[in-house]
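This report introduces a single protein structure to a reader who has not met it before. It treats one pocket, two buried residues and the nonpolar cores in turn.

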Amino acid sequence: MSWSATQYLRFEDERTRPARDLLARVPLPSAERVIDLGCGPGNSTELLVERFGACSVSGIDSDDDMLAKAGARLPEIPFVKADLATWQPEAPVDLLFANAVFQWLPGHLDIFERLMEGLKPGGMLAVQMPDNLGEPSHLAMEETGADGPWSEAFAGGRLRRAGLPRPADYLQRLQPHCLSVDVWHTVYYHPMRDAEAIVAWVEGTGLRPYLAAVAPEQRGAFRQAYLQRIDAAYPPMADGRRLLAFPRLFVLAVKA
């Protein structure tokens with residue numbers, strides 16, 4: 001499945017805020033080698049450059065459109081196409097930073113353990129992931145998929161992303177490799193203009209696999225049916241806007 005950097009960046013400020021909050025918890029005063037894992041269109045990479053300098057930072061992603069946008073945004077930064085399921089740094093790294101990518105990789109606890117091996121002593125793995133599968137925005141994807149002429153494409157919940165492990169699982173798997181492991185949740189509340197704006201938000205991420213699974217001639221009807229559910233699930237506030245709750249899980253591990 002391909003991604004759309006343009007659609008993703010429609011809500012750049014909101015999508016970058018968790019990366020900014022995660023970086024604020026990274027206590028490294030300086031770093032020689034920092035890698036942005038799943039760099040996307042470079043919005044999170046830009047934060048790393050501001051903090052550590054361009055000569056220290058590089059980025060990797062698996063999507064050509066995201067890499068093209070990142071390269072255009074930060075032409076001085078090396079961006080490489082790679083699959084995080086198998087990728088490993090060639091030399092020890094000070095910081096591996098990941099903003100909203102590992103939720104797409106089942107079994108990422110195994111990946112985290114492997115990535116710890118690529119850090120310098122005292123190096124850090126800093127990760128942020130959406131933890132929103134129980135939110136109306138994502139439950140409505142399942143409901144819409146099961147209710148319509150496209151339902152066969154969604155039989156058995158085949159497109160539903162696996163939920164994140166428990167916070168205790170991250171601690172237990174990473175602690176043997178680490179001086180410290182910090183795990184926390186933050187719920188962001190985004191006032192959105194209307195129900196259509198919520199649909200536009202998820203079209204850049206979670207809704208894309210669902211739309212891709214529907215026949216092209218049915219996508220407009222699928223999107224409209226989903227919009228109706230979102231309209232009902234997020235009632236207007238006094239000013240007419242809809243409040244989108246977005247839980248995210250953070251992990252900060254320091255290598256022993």
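In this predicted model, helix α6 supplies the largest share of the lining of the second largest pocket, namely 3 residues. The space in that pocket amounts to about 230 Å³. Its lining consists of 16 residues, of which Trp104, Leu159, Arg160, Arg161 and Pro209 are the closest to the centre. Two elements give two or more residues to this lining: α6, spanning 136–146, and α9, spanning 208–213. By residue class, the lining of the second largest pocket comprises 9 nonpolar, 3 polar and 4 charged residues.

Attention now turns to two individual residues. Asp94 belongs to strand β4, which covers residues 93–99. Asp94 counts as buried because its relative accessibility is 13%, and the limit for that class is under 20%. Beyond four places in sequence, the residues that Asp94 touches are Leu28, Ala31, Glu32, Arg33, Leu119, Lys120, Gly123 and Met124. Two of these, Glu32 and Arg33, also appear in the table below through their backbone nitrogens.

Tyr188 is part of strand β6, residues 178–192. With a relative accessible area of 2%, Tyr188 is likewise buried. Setting aside neighbours within four places in sequence, Tyr188 is in contact with Arg17, Pro18, Asp21, Leu244, Ala245, Phe246, Arg248 and Phe250. Of these contacts, Phe246 stands 58 residues from Tyr188 in sequence, yet the two C-alpha atoms are 5.0 Å apart in space. The side chains of Tyr188 and Asp21 are joined by a polar contact, listed here with those of Asp94.

| Side chain | Partner | Distance |
|---|---|---|
| Asp94 | Glu32, backbone nitrogen | 2.8 Å |
| Asp94 | Arg33, backbone nitrogen | 2.8 Å |
| Tyr188 | Asp21, side chain | 2.7 Å |

The last topic is the nonpolar interior. In soluble globular proteins, nonpolar side chains tend to be buried together. The largest nonpolar core here holds 52 residues, and Phe52, Leu95 and Leu207 have the most contacts inside it. Helix α8, residues 195–203, contributes the largest share of this core, with 7 residues. Leu207 touches Met141, Val199, Val202, Phe222 and Tyr226, when residues up to four places away in sequence are not counted. A second core, separate from the largest, has 30 residues, including Ala82, Val93, Val101 and Leu115.

Conventions: Residues numbered from 1 in each chain as written. Predicted model: local features only at pLDDT ≥ 70, side-chain atom pairs only at ≥ 80, totals over all residues. Heavy atoms only, no water. Core = buried A, V, L, I, M, F, W, Y, C linked by side-chain atoms within 4.5 Å. Buried < 20%, exposed > 50% of the residue type's maximum accessible area, 1.4 Å probe, protein only. Helix = DSSP H or I, 4+ residues; strand = E, 2+ residues; numbered from the N terminus. Contact = heavy atoms within 4.5 Å. Polar contact = N/O pair within 3.5 Å; in protein donor to acceptor, adjacent residues only side chain to side chain. 1 Å grid on protein atoms, 1.4 Å probe; cavity = no way out; pocket = protein on both sides within 12 Å on 5 of 7 lines; lining within 4 Å. Points joined across faces, edges and corners; volume = space filled by probe spheres on them. Nonpolar A, V, L, I, M, F, W, Y, C, P; charged D, E, K, R; others polar.
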